[in-house]
Amino acid sequence: MRFVEHRIADRRIVRLIQKWLKAGVLEDGERKDTEEGTPQGGVVSPLLANIYLHHVFDLWAQHWRRQANGDVIVVRYADDIVMGFQKEADARRFRVDVAERFAKFGLELSPEKTRLLSFGRRAAARGRRSGRGKPETFDFLGFTHVCGKTPDGKFQLLRLTSRKRMRRKLSEVKAELRRRLHRPVPEVGKWLRSVIQGHINYYGVPLNLAALKNFRYQVIRRWRRSMSRRSQKGRVTWARVSRLASLWLPPARITHPNPSERLCLTT
């Protein structure tokens, strides 16, 4: 609440937020008081978490980077953070310092998700010299980030759809197709079109076309199985489901231009 009061002077608004935090949560129909933190699933929780981390992490990290010996890059989305360090010594020192900083405010780094890895255009060469092999990958915001190469051997950052995210989404599609098993084909087709279009709108980044095509293909496979279950003539042929897919489902395509094109200024 002290962080909130930095920007909000109206005591009535502050009291409303305090009531929101103390309102409690419902678990299996029973109300339980919340002694600390923000309510799980509460609409105000993401906003308050961002305010909290802005003061606990963002401002502190901006101050910390002044003492670094190399460049420091900070990317934070909610409670997911990726940091890039030019010098390995800075990265190791920051990991210790940020753990101490978080501990002062009742937070801690996730042991399973917190990793220190070599990444970038020189990561492959460093890996060969140290015997560590290929550069590691990391997941962030649904993408797996990979150290790749262009056809002429230059470094290229690859952002590929996370396999874990894709499997989870396909499982959701499969469960929903079962629920809509006896709905008309046009209705199911419209719903699947919205699913695939939303997936393409988010994951349609350069060099990720193969993953987009695979997602669309896997959705079509599950749609065919669903229609086969309801059909009295046995399995639905690929020819029929292909016609339906071309009618209802959008093709896989790249929706986001390259950063150099997106940030280009034309006069």
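In the predicted model described here, R92 is partly exposed, with a relative accessible area of 49%. Its partner E88 is likewise assigned to the partly exposed class, at 47%. The side chains of R92 and E88 meet in a salt bridge, with a nitrogen-to-oxygen distance of 2.9 Å. Because R92 and E88 lie four residues apart in helix α4, about one helical turn separates them. Side chains of opposite charge can pair when their charged atoms come close.

The R92–E88 pair belongs to a total of 10 salt bridges in the structure. Another of these joins D10 to R12, whose closest N and O atoms are 3.1 Å apart. The two partners fall into separate accessibility classes: D10 is partly exposed, at a relative accessible area of 30%, whereas R12 is exposed, at 57%. The figure for R12 exceeds the 50% cut-off above which a residue is taken as exposed, so R12 is placed in that class.

A further salt bridge is formed between R115 and E136, with 3.0 Å between the closest N and O atoms. This pair links distant parts of the chain, its members being 21 residues apart. R115 is in the loop between α4 and α5 (residues 123-130), while E136 is in the loop between α5 and β5 (residues 138-140). Both ends of the bridge are partly exposed, R115 with a relative accessible area of 42% and E136 with 40%. Elsewhere, E176, R179 and R180 are joined into one network by salt bridges that share partners.

Helix α4, which carries the R92–E88 pair, also packs against helix α3. The two helices, α3 spanning residues 45-64 and α4 spanning residues 88-104, meet at an angle of about 145°, and their axes are 11 Å apart. The crossing of α3 and α4 is right-handed. On the α3 side, the contact is made by H55, V56, F57, W60 and W64. On the α4 side, D90, R93, F94, D97, V98, R101 and F102 take part. Sorted by class, the residues of this contact comprise seven nonpolar, one polar and four charged.

The largest nonpolar core of the model contains 23 residues. Within this core, the residues with the most contacts are L177, L192, F215, W223, M227 and L249. At least two core residues are supplied by each of the helices α6 (163-179), α7 (185-203), α8 (209-230) and α9 (238-248). Helix α7 provides the largest share, with seven residues. The surroundings of L177 can be described in further detail. When neighbours within four places in sequence are left aside, L177 is in contact with V188, W191, L192, R222, W223 and S226. Apart from the largest core lies another, of 11 residues, which includes F57, W60, W64 and A68. Of these, F57, W60 and W64 also take part in the contact of α3 with α4.

Backbone geometry was examined next. Most residues other than glycine have a negative phi, and most peptide bonds are trans. A78, a residue other than glycine, has a positive phi, near 55°. A78 is located in the loop between strands β3 (72-77) and β4 (80-85), and is partly exposed, with a relative accessible area of 34%. For L141, phi is also positive and near 55°. L141 is found in the loop between β5 and β6 (143-149). Its relative accessible area of 26% places L141 among the partly exposed residues, since the buried class is confined to values under 20%.

One further loop position, G234, was considered. G234 is situated between α8 and α9 and counts as partly exposed, at 34% relative accessibility. G234 and H199 are separated by 35 residues in sequence and, from C-alpha to C-alpha, by 31 Å in space.

Notes:
Residues numbered from 1 in each chain as written. Predicted model: local features only at pLDDT ≥ 70, side-chain atom pairs only at ≥ 80, totals over all residues. Heavy atoms only, no water. Axes fitted to C-alpha atoms, helices over the stretch in contact; angles between N-to-C directions. Left-handed = near helix turned anticlockwise from the far one by under 90°. Contact = heavy atoms within 4.5 Å. Nonpolar A, V, L, I, M, F, W, Y, C, P; charged D, E, K, R; others polar. Salt bridge = Lys/Arg side-chain N within 4 Å of Asp/Glu carboxyl O. Buried < 20%, exposed > 50% of the residue type's maximum accessible area, 1.4 Å probe, protein only. Core = buried A, V, L, I, M, F, W, Y, C linked by side-chain atoms within 4.5 Å.
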